[in-house]
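Me: Please take a close look at a single part of this model, the open sheet and what surrounds it, and go through it with care.

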Amino acid sequence: MAAALTRLTKPASLAFSSVNIIRRCLSSAVAVSETNNAASYVPPFVLDSNRPRKDPKDRNVQWVFLGCPGVGKGTYASRLCNLLGVPHIATGDLVREELASSGPHSQQVFIYLFIFYWNCLSEIVNQGKLVSDEIIISLLSKRLEAGEAKGESGFILDGFPRTIQQAEILEGVTDIDLVVNLKLQEDILIDKCLGRRICSQCGGNFNVASINVKGENGKRGISMAPLLPPPHCMSKLITRSDDTEAVVKQRLRIYNEKSQPVEEFYRSRGKLLEFDLPGGIPESWPRLLQVLNLDDEEKQSAAA
Ligand code: ADP
């Protein structure tokens, strides 16, 4: 799959690639809705739909996790990946790694252009907008290629696809077996994003929010205990720059506009599994394993 995705993004030359990426980046900084509009977006590559696809029996799972910001995609996807022995590939992490590094080709002569690229990328993320499909596909194919070289098989994708265009590109190169759609009500999502903390040393993800919503007017009540860090991480906690109230609301708005149609894309293909989170991890994890028919798998791995 990495090879197919790479072919999709491999332009004639590095110079063309650099300029093209920057051009896409700049245009998405100005008008995100235009760049991710499938009708107006002409990929600079040809879809390789003839690539032979592996039978699901001969490979590991290829799953996707969908859901609004703050719903817990990362938490549950990474737990499942540990259980199933597949890589957890979160495009948000790939974007943050890209921003933390010195850019895609820092040693190239295009250094000034890449400072520009970096500024644009960080501005898009900090405004809660979507990065252009071209940049995301390029980061994802690089990650998949590195994984294939290490002998990885299968994956759980988290945060991709986020637009119909991305879903169509993915559908063009590989078979997705299952799409899990995690759901929580919006006011809780905002509190959970605002409570999110990361340990700057070990990279651990925590949440200081204590959710206690009473059931009323037909809505069910829900409680989620905070996921507190161990004492040695306490003084090293940082907050993601895009986890402010204004940016979280913007991300939710963009999710509803751009990513919700992706749910219908997979629903109509019979691949969507809806999962309403019943509470925090202690309630939700066993229930998720049950609906995925993985409870025995967990018992076996705990016993091993
Ligand atoms: P969230 O908590 O909103 O799900 P992520 O960590 O998945 O956050 O993503 C962080 C940011 O990275 C997004 O707001 C967006 O700017 C960018 N991003 C991640 N995945 C994609 C994608 N598939 N397409 C476009 N932009 C993406």
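Reply: What follows describes the sheet, the central strand pairings, the cavity beside them and a smaller set of strands.

This is a predicted model, in which local features need pLDDT of at least 70, side-chain atom pairs count only at pLDDT 80 or more, and totals for chains, interfaces and linings use all residues. Residues are numbered from 1 along each chain as its sequence is written, and side-chain values use heavy atoms, with hydrogens and water left out.

The chain holds 12 helices and 10 strands, where helices (H or I, at least four residues) and strands (E, at least two) are DSSP runs numbered from the N terminus. Of its 304 residues, 47% are buried, buried being under 20% relative accessible area, exposed over 50% and partly exposed in between, with a 1.4 Å probe and protein chains only.

The open sheet has 5 strands in the order β2-β3-β1-β4-β10, with parallel pairing; two strands pair if DSSP finds at least two bridges between them. β2 (88-90) and β10 (272-276) each have a single partner strand and stand at the edges, so one side of each is left without a neighbour in the sheet. Neighbouring strands of this sheet are turned by 20° against each other on average, direction ignored, and such angles come from axes, which are lines fitted to C-alpha atoms, for helices over the stretch in contact, and run from 0 to 180 degrees between N-to-C directions. Helix α11 (residues 281-291) packs on the sheet and touches both β4 (178-183) and β10, its direction making about 155° with that of β10; contact means heavy atoms within 4.5 Å.

Strand β1 (residues 62-66) is joined to β3 (residues 155-158) by 4 bridges in a parallel arrangement, with Q62 opposite F155. Another 4 bridges join β1 to β4, again in parallel, and here L66 stands opposite N181. In a regular strand the side chains alternate between the two faces of the sheet. Both faces of β1 are covered, with Q62, V64 and L66 buried on one side and W63 and F65 buried on the other.

Two residues of this strand, F65 and L66, also line the largest cavity, together with G67, K73, G159, P161, R162, Y255 and S259. A cavity here is a set of points on a 1 Å grid over the protein atoms alone where a 1.4 Å probe fits but cannot get out, and lining residues have an atom within 4 Å of a point. The elements giving two or more residues to this lining are β1 and α10 (245-267). The volume of the largest cavity is about 50 Å³, a volume being the space filled by probe spheres set on the grid points, which are joined across faces, edges and corners.

Elsewhere, β5 (residues 196-199) and β6 (residues 205-207) pair in the antiparallel sense over 3 bridges, and R196 in β5 has N207 in β6 as its bridge partner. The hairpin of these strands has 5 residues between them, and G203 takes a positive phi near 80° there. β5 is also joined to β9 (residues 237-238) by 2 antiparallel bridges, with C199 opposite L237. R196 counts as buried because its relative accessibility is 19%. Not counting residues up to four places away in sequence, R196 touches G70, F206, N207, I238, T239, R240, D243 and R251.

Conventions: On a 1 Å grid over the protein atoms alone, a cavity is a set of points where a 1.4 Å probe fits but cannot get out, and a pocket is an open set with protein on both sides within 12 Å along at least five of seven lines; lining residues have an atom within 4 Å of a point.
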